[in-house]
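This report describes a sheet, the helices packed on it, and the enclosed spaces in a protein model. Please read it alongside the sequence and coordinates shown here.

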Amino acid sequence: MAVTSSDVETVRRFYAAVAARDLAVAESCFAPDALWHMPGASLISGDHRGWAQIRDNFLARLGQLSGQTFRAALLDVAVGEDYVVAVQHAPADYQGHTLDVTGCQLMRLDGGLITEVRGHYSDQAMLDAFWTQS
């Protein structure tokens with residue numbers, strides 16, 4: 001399945017929604033049975049399937065666990081035949097713990113909706129340590 005300009009727009013819309021903390025718009029970017037795989041060993045790691053799990057077990061916890069300091073700034077979007085790669089800078093600073101990683105979200109889309117996200121990070125140990133400190 002070839003990536004379309006609509007798919008790229010969905011990725012950009014999703015990051016804008018996260019920046020605005022607009023979960024309703026973020027939800028509109030996902031297929032109902034989407035999977036978000038967060039690697040590592042932390043409070044947000046694991047497979048989150050479907051919007052309710054992605055929202056409640058992952059996205060909503062980012063603000064809670066970081067004292068609302070977490071940001072996911074979209075730096076670039078790379079387009080392949082089957083995937084979109086969203087390159088992001090992810091900083092946070094809370095209770096004496098600092099997070100400062102670059103992440104690549106490998107995203108599969110279908111019909112302009114995100115069906116799968118697999119995170120890859122520049123410093124997995126830092127990521128795990130930050131999201132486990134709470």
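The sheet is described before the helices and the cavities.

**Sheet**

The model is predicted. Its six strands make up an open sheet of mixed pairing, ordered E2-E1-E6-E5-E4-E3. Strand E2 (46-49) and strand E3 (73-79) are the edge strands, each pairing on one side only. On average, and with direction ignored, neighbouring strands of this sheet are turned by 20° against each other.

At the E3 edge, the pairing with strand E4 (residues 84-94) is antiparallel and runs over six bridges. Within this pairing, valine 77 has alanine 86 in E4 as its bridge partner.

**Helices on the sheet**

Helix H1 (residues 5-19) packs on the sheet and touches strand E1 (30-38), E3, E4, strand E5 (97-110) and strand E6 (113-121). The direction of H1 makes about 150° with that of E5. Helix H3 (residues 50-65) lies across E1, E2 and E4, and runs at about 50° to E1. Strands E1 and E4 are thus listed for H1 and also for H3.

**Cavities**

How many cavities of 30 Å³ or more does the model contain? The count is two. The table sets out their volumes and the classes of their lining residues.

| Cavity | Volume | Lining by class |
|---|---|---|
| Largest cavity | about 140 Å³ | 15 nonpolar, two polar, no charged residues |
| Second largest cavity | about 40 Å³ | seven nonpolar, no polar, three charged residues |

The largest cavity is lined by 17 residues, and those closest to its centre are Phe58, Leu62, Phe70, Ala72 and Gln88. Which elements supply at least two residues each to this lining? They are H1, E1, H3, E4 and helix H4 (124-132). H1 and H3, described above as packing on the sheet and lying across strands of it, therefore both belong to the elements that enclose this space by the lining rule of an atom within 4 Å of a point.

The second largest cavity is lined by Met1, Ala2, Val3, Asp7, Asp82, Tyr83, Val84, Met107, Arg108 and Leu109. E5 gives the largest share of this lining, with three residues. The lining of this cavity includes three charged residues, whereas that of the largest cavity has no charged residues.

Definitions and conventions: Residues are numbered from 1 along each chain as its sequence is written. This is a predicted model: local features need pLDDT of at least 70, side-chain atom pairs count only at pLDDT 80 or more; totals for chains, interfaces and linings use all residues. Side-chain values use heavy atoms; hydrogens and water are left out. Two strands pair if DSSP finds at least two bridges between them. Axes are lines fitted to C-alpha atoms, for helices over the stretch in contact, and angles run from 0 to 180 degrees between N-to-C directions. Contact means heavy atoms within 4.5 Å. On a 1 Å grid over the protein atoms alone, a cavity is a set of points where a 1.4 Å probe fits but cannot get out, and a pocket is an open set with protein on both sides within 12 Å along at least five of seven lines; lining residues have an atom within 4 Å of a point. Grid points are joined across faces, edges and corners, and a volume is the space filled by probe spheres set on the points. Ala, Val, Leu, Ile, Met, Phe, Trp, Tyr, Cys and Pro count as nonpolar, Asp, Glu, Lys and Arg as charged, and the others, Gly among them, as polar.
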